[in-house]
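Trainee: Could you pick one spot in this model and take me through its surroundings in detail? I'd like the cut-offs too.

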Amino acid sequence: MQKNYYIDLGSSTIKVYSYDEDLKLIDEHSIHFKNGFDAERGISEENLTELCEYFEKLKAEYDLKYYNTHIYVTGIFRNLTAEKKTEMVKLFNDKFDLHFNIISHGIENYYLGKAMENDYAGKKVLIINMGGKTTELVTFKGTEIIGTKNLMVGVADLLNKFDKVNDKYSGNSIEEIEEFVVDKLAEVDLDDDYDCAIFTGGEERFELLTGFNLVKNTLFNDGIHKYMVTLDDYIRGSRKVFDEISIEELYAMMPSNPKWMDGARAGAILPLPLFKKCNVKWIIPSDLNLINGVINDSHY
């Protein structure tokens with residue numbers, strides 16, 4: 001079976017997967033594309049250089065070809081002007097012989113739904129997919145998707161607003177960050193009868209690394225999501241990350257891509273008002289993302 005490569009390129013993190021019989025995360029790299037971003041001028045020159053250098057490294061290490069490499073670009077890149085989007089497509093075509101495929105919010109929601117497609121044993125489940133500039137919500141009832149929402153708030157918004165969150169120990173409190181998100185979500189209409197929430201985007205890895213009080217998932221059995229945490233223990237785990245684990249210790253937990261941890265503290269608080277507003281008692285951390293949905297969709 002031919003090996004294919006799938007790349008999830010978002011507002012702050014690039015994840016590279018290989019797929020033949022199984023999907024494997026083989027590389028990742030974080031770049032804060034929000035820094036110096038302008039819709040007409042594009043990403044900053046510094047970030048563009050880093051992006052190109054990273055893809056040059058990938059091309060040297062892996063067999064990335066036009067026919068076996070599938071890039072899915074989301075987040076802040078959707079805000080580029082049509083001219084700048086075309087320029088990025090041309091750059092990747094000419095420089096790397098790869099397609100810079102910017103997908104819509106709707107397509108991202110579709111793949112997120114495919115990634116999370118499962119029999120949830122009749123439970124009403126809120127899927128939260130958090131990115132740098134946007135957050136996607138998908139609601140499952142049993143095996144069916146019954147709703148989707150796109151929220152125009154992401155981790156980058158919190159990092160822009162709270163510039164002390166990544167001090168050695170956070171100089172911004174959980175309460176002030178949560179209040180900011182609550183204001184952002186004031187007009188968002190959400191149900192309050194969810195059985196649980198699944199929080200995606202590397203969250204299982206993060207909670208295992210930082211010592212959240214995870215227990216066995218007894219709500220459903222899909223062979224993937226092994227753990228869950230109560231809302232109270234989620235808040236306790238987040239306080240530990242804010243007040244007891246230094247930023248240097250967080251970086252050391254992910255030596256291959258320490259910059260991923262720049263969004264960890266803010267990212268832990270972004271879904272908190274959603275959990276409370278939706279009356280979620282159990283939170284299930286997940287490492288699935290849209291690439292899992294792409295693979296699942298290709299099996300149909």
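Mentor: Let's go with one loop residue and then look at a far-off partner.

The model is predicted, so local features need pLDDT of at least 70 and side-chain atom pairs pLDDT 80 or more, while totals for chains, interfaces and linings use all residues. Residues are numbered from 1 along each chain as its sequence is written, and side-chain values use heavy atoms, without hydrogens or water.

Asp195 sits in the loop between α5 (174-184) and β8 (196-199) (DSSP runs numbered from the N terminus: helices H or I, at least four residues; strands E, at least two). Its relative accessible area is 32%, so Asp195 is partly exposed (buried is under 20%, exposed over 50%, partly exposed in between; 1.4 Å probe, protein chains only).

Beyond neighbours within four places in sequence, Asp195 touches Lys123, Lys124, Leu219 and Trp282 (contact: heavy atoms within 4.5 Å). With Lys124 there's a polar side-chain atom of Asp195 lying 2.7 Å from the backbone nitrogen of Lys124. The other end of the story for Lys124 is its charged end, which sits over the ring of Tyr194, 5.0 Å from the ring centre (NZ of Lys or CZ of Arg within 6 Å of the centre and within 35 degrees of the ring normal).

Now the far-off partner: the C-alpha atoms of Asp195 and Phe33 are 35 Å apart, with their positions 162 residues apart along the chain. Phe33 belongs to an aromatic cluster with Tyr54, Phe55, Phe77, Phe92, Phe96 and Phe100 (Phe, Tyr and Trp rings, six-membered for Trp, pair with centres within 6.5 Å; planes under 30 degrees apart are stacked, over 60 edge-to-face, the rest tilted). Within that cluster, Phe92 is buried at 0% relative accessibility, and Phe100 is buried at 1%.

Conventions: A polar contact is a pair of N or O atoms within 3.5 Å; within protein, one must be able to donate a hydrogen and the other to accept it, and residues adjacent in sequence count only if both atoms are side-chain atoms.
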